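Notebook open. I want to look up how the protein meets the DNA, one strand at a time.

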Number of protein chains: 2
Amino acid sequence: MKRKITLKQIARELDVSISTVSKALSNSKEISEDTTQKIQAFAKLYNYKANNIALSLKNRKTKTIGILIPEIVHHFFSTVIRGIERVANRRGYNVIVGLSNESFTKEIINMEMLANGSIDGIILSISKETLLKQDYHHFNATINQGIPIVMFDRVVNEVDCDKVIVDDFNGAVKAVKKLVENGCKNIALITTMDYVSVGRLRTQGYLEALGLSGIEANSNLILKIDDSLDVENHLDILETEITQFFKANPNIDGLFAVNELYAVSAMKVARKLGLTIPDDMQVIGFTDGVLSKHATPSLTTVSQHGQKMGEQSANLLIDRLEAEDNDNEQYFTNNPKDHDFIKVVIETEIIERESTK
Amino acid sequence: MKRKITLKQIARELDVSISTVSKALSNSKEISEDTTQKIQAFAKLYNYKANNIALSLKNRKTKTIGILIPEIVHHFFSTVIRGIERVANRRGYNVIVGLSNESFTKEIINMEMLANGSIDGIILSISKETLLKQDYHHFNATINQGIPIVMFDRVVNEVDCDKVIVDDFNGAVKAVKKLVENGCKNIALITTMDYVSVGRLRTQGYLEALGLSGIEANSNLILKIDDSLDVENHLDILETEITQFFKANPNIDGLFAVNELYAVSAMKVARKLGLTIPDDMQVIGFTDGVLSKHATPSLTTVSQHGQKMGEQSANLLIDRLEAEDNDNEQYFTNNPKDHDFIKVVIETEIIERESTK
DNA sequence: ATATTTAACGAAAACGTTTTCGTGTTGACA
DNA sequence: TGTCAACACGAAAACGTTTTCGTTAAATAT
């Protein structure tokens, strides 16, 4: 078991100084061609690679970015990670992942763990509990420490940073409009409680689309699910709620759900109630994941383009990191550019499948 | 924007030496109570936290473990990550993720990126291309550099390291036996090409179960899918293959599929062909993911317990890392324990749902 | 022959810690 | 009064780099 070789060992072995080795390996022309070749040959032989940690310490940057998300067993979030990893890798960065598990405390602990030198910047999506508490001091704290943050999807105005969001509002508008165009008269909505911003925005989009179409919103047609409980493991509850909802409103002929789980569950319930989709009821969900694609009938959805969100987030963050590098060489450290934060909006797209006509 | 405070700054500010500050913060009794209090108060005020990178360099260990998997938008793999992250976090480790994207080259590049000091050990699952090439030198190389590896799920005998696998063979046996018990006479298999070990093992389990039940295997009832192509994006191809398969074998009354995508697709095809599940055909899939749970009818599956695999892998790795620490204090560095590698087998479990009687 | 440039290399600082090993001051004790 | 612990602290090395700034010797210019 050979430990990795270091500059010092090469130097000792070849009877030169550490500086000489370092320079030779970076092809400095301070070093004669002879020694350079000798050193490079030796280094290659022993497969020398500079130690990342030492470089990080010296350069005061780690070339790794942190990701902090609520959950990873989740199609959307893992898609975002894939996008982040893709551009991070291409641009020479590593990716370190932390999971908040929707918990405020774990979010803070993770942030602090990451902010102690492990990473140059953070890409995150806020946990539900944090959104509920509306306590964002930990974000501002790390930003103040000079660690840039990019927020995606679940963002919040109280924190000044770059943001990448999907156009939840217009996505919902598009979806509901399509239902209207397809002839639906009584369009229902299944949504979450309002504190998750994306749910709120999608609800607003639903209302807006109805308004634009001259349809009066009917609060009976809106079902709000308390997603503080872990729905994945309480499918039965979800399904009974939907069953009651459908029974109470037999006139529903169109349904918009703010996520694919609600949509797919609704289709299941509908079928049990003897309804045919899309003939008796058309359904559109938000978030294009595996469920939508493989459900029967397959589900028409509003795609969020998670991978693109990840890529944009990573590019935004790395751009800012590398801009900082240049700033340091400028005369003004506090140049105004630092406070021009960017908000990227990813356009949604409706993917039509079998659940609509 | 305040940069993080360092020992040196505290020392200068309080007019003591760096060593004193360091000792005071670790409650060394070399330092008087007065100074200790003063320093600790100051440190708390400025929210001092030791810089991780500096610690890593000094201690020659990073307290982070690398994960290298083929794909992250994948229920099983993300479940494993969740498990790893969970125990890593509990035991004070960070987690850094690399994706091979099923590519041999990306796997190597990622390994080298990680092995240059960024991590203490690696947990990985081998990419398809690597399995196909059967070239495992990069794994052995990093092991030889003193970086322990734990392989999960897709493992290989040619590399000496700890391994965590699911009992693919017996899982398949159980599944097929259940089909037999449920009265199936003509049990089909949908599987992958043989180079992915897990597919091969599950196929063998299928054959074994048939043998045990006194049923003669019929090669016509085995459909091998070439999963070198990206099936997710070529569902149509998959479905037509299955359609032909079913049409050619109308006597099929039971089906075992080596993953849930194949199983769900098969159910879809079966329904289109007018078959009712589970009445006309019972179906069991391997890998318990979202699809299985939410399909209609919901799918009986063999659960791999991904999270448990992740947790076991992480524990195995960290155990070894921390055992090494102690070994260094022993007289023998090359003690025989180093070569006793552990293979943990996670038992599968059949989760019964609507697709079987 | 002397001054000056150039080539080739080494010493040392710096990044932020921890830890070992001094060192000076105090108080107790003989 | 002289000796010796005990106490409280500082200097410096080490982890592995890169980079600045010497320094030496040879080569060139004057």
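Before sorting residues by class, I fix my terms: Ala, Val, Leu, Ile, Met, Phe, Trp, Tyr, Cys and Pro count as nonpolar, Asp, Glu, Lys and Arg as charged, and the others, Gly among them, as polar. I also note that this is a predicted model.

Entry 1, DNA strand C. I applied those classes to the surface near DNA strand C and got nine nonpolar, nine polar and nine charged residues. I found 27 residues surrounding DNA strand C. The closest are A:Thr20, A:Lys23, A:Glu30, A:Ser32 and B:Lys58. I then checked which parts of the strand they meet. Sugar and phosphate make up 58% of the DNA strand C atoms that come within 4 Å of the protein.

Entry 2, polar contacts to DNA strand C. I looked up three atom pairs. A:Thr35 has a polar side-chain atom 2.8 Å from a phosphate oxygen of DNA strand C. For B:Leu7, a backbone N or O atom sits 2.8 Å from a phosphate oxygen of DNA strand C. A:Lys58 goes to a base: one of its backbone N or O atoms is 3.4 Å from a base oxygen of DNA strand C.

Entry 3, elements at DNA strand C. I listed the elements that give two or more residues to this surface. From chain A they are helix H2 (18-25) and helix H4 (52-59). From chain B they are helix H1 (7-14), helix H2 (18-25) and helix H4 (52-59). Which element gives the largest share of the surface near DNA strand C? I found that H2(B) does, with four residues.

Entry 4, DNA strand D. I turned to the other strand record and found 27 residues around DNA strand D. B:Thr20, B:Lys23, B:Glu30, B:Ser32 and B:Thr35 come nearest. Within 4 Å of the protein, 58% of the DNA strand D atoms belong to sugar or phosphate, and the rest to bases. By class I read nine nonpolar, nine polar and nine charged residues near DNA strand D.

Entry 5, polar contacts to DNA strand D. I noted a polar side-chain atom of B:Glu30 at 2.4 Å from a base nitrogen of DNA strand D. The side chain of B:Thr35 puts an N or O atom 2.7 Å from a phosphate oxygen of DNA strand D. A backbone N or O atom of B:Lys58 is 3.4 Å from a base oxygen of DNA strand D.

Entry 6, elements at DNA strand D. Helix H1 (7-14), H2 and H4 of chain A each supply at least two residues of this surface, as do H2 and H4 of chain B. I logged H2(A) as the largest share, with four residues.

Definitions and conventions:
Residues are numbered from 1 along each chain as its sequence is written. Chains are lettered from A and ligands numbered from 1 in the order in which they are written. This is a predicted model: local features need pLDDT of at least 70, side-chain atom pairs count only at pLDDT 80 or more; totals for chains, interfaces and linings use all residues. Side-chain values use heavy atoms; hydrogens and water are left out. A residue is near a molecule or strand if one of its heavy atoms lies within 4 Å of it. A polar contact is a pair of N or O atoms within 3.5 Å; within protein, one must be able to donate a hydrogen and the other to accept it, and residues adjacent in sequence count only if both atoms are side-chain atoms.
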